[in-house]
Amino acid sequence: MDYLRAFIFLVFTLSAISLSDAGSVGVNYGRISDELPSAFKVVQLLKSQGIDRVKIFDADPAVLKALSGSGIRVTVDLPNEILFSAAKRPSFAASWVKRNVAAYHPSTQIESIAVGNEVFVDPHNTTKYLIDAMRNIHKALVSYNLHSSIKISSPLALSALQNSYPSSSGSFRPELVDVVIKPMLDFLRETGSRLMINVYPFFAYEGNSDVIPLDYALLRENPGMVDSGNGLRYFNLFDAQIDAVFAAMSALKYDDIEIIVTETGWPSKGDENEIGASVANAASYNGNLIRRILTGGGTPLRPKADLTVYLFALFNENKKFGPTSERNYGLFFPDEKKVYDIPFTQEGLKHYRDGGHSTPPATGNQQVAPPNNNGGGVSKSLTGSTWCVANGDAGKERLQGGLDYACGEGGADCRPIQRGAACYSPDTLEAHASFAFNSYYQKKGRAGGSCYFGGAAYVVTQPPKYGRCEFPTGY
C-alpha cells in the first residue's frame with residue numbers, strides 16, 4: 001500500500017510539474033463593434049471555454065466589474081491617447097491607477113498593465129512619452145503596494161525590429177535603441193517584468209507567400225528551415241519570429257528578460273488580395289498554436305522559455321477600419337457561436353486534430369482548395385511583390401498623422417511627393433500618404449506590421465496607380 005501511495009504521489013507530482021512547465025493561452029477582448037454581448041455574458045463565455053486570461057484595450061468599468069470574482073486574470077491597457085498626460089503629470093498617472101486598477105484589484109485579478117500599444121507605429125508620435133509614462137504608472141502602483149503583483153510593459157509590433165530574418169540576425173531599429181528600447185528593457189529588468197510583443201505570422205505569409213510555405217506558417221508538420229546564422233532548425237514561423245526578438249535583446253545584452261506575446265492570430269476572411277485569409281487556415285493556425293503553447297517547451301533559441309500567448313481576438317469586430325481581415329480575426333461571432341471549433345484547454349487538446357493538410361495558399365475569403373489543371377490556386381498577379389497604400393476610409397486625421405510619422409520619425413523617402421517632384425500629382429492626402437506609407441513599408445523589408453499606421457494603411461498585391469507615379473518595391 002505504501003508503494004502504491006508513493007507511486008500515486010509521484011504521478012501526481014510529475015503531472016503538476018508538466019502542467020506548470022507548459023505555457024498559457026489567453027485572449028484579447030476587443031470591442032470595436034456594435035453587436036457584442038454584455039460584459040457579463042462575455043465573462044460566462046470565457047469561463048465556459050476554460051479561458052483564464054484576458055487582455056482588454058482600455059480599463060472599461062463595466063468589463064472590470066463583470067470580471068470581478070471570476071478568477072480570470074486581466075491585463076488592462078493605458079491607451080496611446082493619454083500617454084502624454086501620464087508621462088508629463090505624475091498626478092494624472094496616480095489618479096488613473098486609483099480609478100482603473102486599485103478600485104478593482106484584487107477582486108478583479110489585474111496582473112499587468114500595457115502602457116500604450118504598438119507605440120512606435122502610432123501616427124501621433126507618442127514614442128517619446130512611453131518611458132516616463134511607464135515609470136509614473138509604476139510609481140503609482142508602488143504607492144498602493146501593488147507593484148509586486150501587477151507588472152508593467154508595453155506591446156511592441158514586430159516592425160520595431162530592423163532585421164528579423166534569419167532569426168539569429170534579429171536586431172532593433174537603430175533609431176529606437178538608445179532613445180527607448182534600452183531604457184524600456186532597463187525598466188523591465190528593474191521591475192521583473194516581461195517584454196510584450198505582438199506577432200502575426202499571417203502578415204509575413206501574406207506578403208511573401210511565394211517563399212514561405214503555408215504549412216510552416218500554420219504550425220503544421222513540415223521539414224522545417226535551418227537558420228543560416230546559428231544552425232538551428234525552425235518548424236514554424238511563430239517560433240522564428242519570437243527568436244528574432246530574443247536575438248535582438250541578446251545583441252543588447254538583455255538575455256535575462258522574458259517575452260509575453262500580447263497579440264497573435266489569423267483572419268478567417270479577407271479581401272481577394274489577402275492571401276491565406278480563410279476559416280480553414282485560421283482554425284489551423286490558432287488550434288496548432290494552442291497545442292504548441294499548452295504542451296510546453298520553448299523556442300529553438302530559448303528551449304526553456306514557456307510562453308504566455310494572447311490570441312487576437314475574442315470576437316469579430318464589425319466597426320474596425322481597414323481591409324476585410326481586420327473585422328474577421330475573431331474566435332467567436334457576436335452571437336457567441338464559434339467561428340471554427342478549436343480547444344482552449346489541455347483537456348480539449350486530447351481530442352484535437354488539425355483538419356488541414358498541405359495545400360496551396362488561399363486568397364481572400366476563399367476556402368483552401370487544391371489547384372485545378374489550369375494552374376488555379378493563386379493568380380499570376382499575386383506572386384510576391386506587395387505595396388502599402390492608404391486606407392481612404394480611415395479619415396483625414398489618421399491619414400495625416402500617418403503621413404507625418406512616415407515622413408518624419410519613420411524615415412520614409414518623401415522627396416518625390418514634394419511640390420514639383422515626380423509624385424506630387426495628384427495633390428491629394430490619400431495619394432501622398434500612400435506613397436509615404438509604401439516607402440516606409442519597403443524600407444522595413446515589408447515586415448509584418450509595417451503597413452498598419454493605426455489602421456490607416458493596408459497591403460495590396462497590384463501596383464498602386466496615382467497619376468504617373470511609380471511606387472518602388474524596394475530600396
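This note covers the aromatic contacts and the internal cavities of a predicted model.

1. Aromatic pairs. Searching the whole structure gives 18 aromatic pairs. One of them joins Y200 and F203, with 5.1 Å between ring centres and 40° between the planes, a tilted arrangement. Y200 is buried, at 9% relative accessible area, whereas F203 is partly exposed, at 25%.

2. The Y205–W266 pair. The ring centres of Y205 and W266 are 6.1 Å apart and the planes meet at 40°, so this pair is tilted. Y205 belongs to helix α8 (residues 201-207), while W266 sits in the loop between β12 (259-264) and α11 (279-294), so the contact ties together parts 61 residues apart in sequence. Y205 and W266 are both buried.

3. The cluster. Y200, F203, Y205 and W266 are among the members of one aromatic cluster, which also includes F57, F202, Y285, F312 and Y329.

4. A charge over a ring. R31 is placed over the face of Y29, 5.7 Å from the ring centre.

5. Cavities. The whole structure holds 3 cavities of 30 Å³ or more. The largest cavity encloses about 220 Å³ of space. Its lining consists of 24 residues, and those nearest the centre are F203, E206, C451, Y458 and V459. F203 is thus named both in this lining and in the aromatic cluster.

6. Make-up of the lining. Two elements, α8 and β15 (457-460), give two or more residues to the lining of the largest cavity. Helix α8 supplies the largest share, 4 residues. By class, the lining has 11 nonpolar, 8 polar and 5 charged residues.

Note on methods: Residues numbered from 1 in each chain as written. Predicted model: local features only at pLDDT ≥ 70, side-chain atom pairs only at ≥ 80, totals over all residues. Heavy atoms only, no water. Phe/Tyr/Trp six-rings, centres within 6.5 Å; stacked < 30°, edge-to-face > 60°. Buried < 20%, exposed > 50% of the residue type's maximum accessible area, 1.4 Å probe, protein only. Lys NZ or Arg CZ within 6 Å of the ring centre and 35° of its normal. 1 Å grid on protein atoms, 1.4 Å probe; cavity = no way out; pocket = protein on both sides within 12 Å on 5 of 7 lines; lining within 4 Å. Points joined across faces, edges and corners; volume = space filled by probe spheres on them. Nonpolar A, V, L, I, M, F, W, Y, C, P; charged D, E, K, R; others polar.
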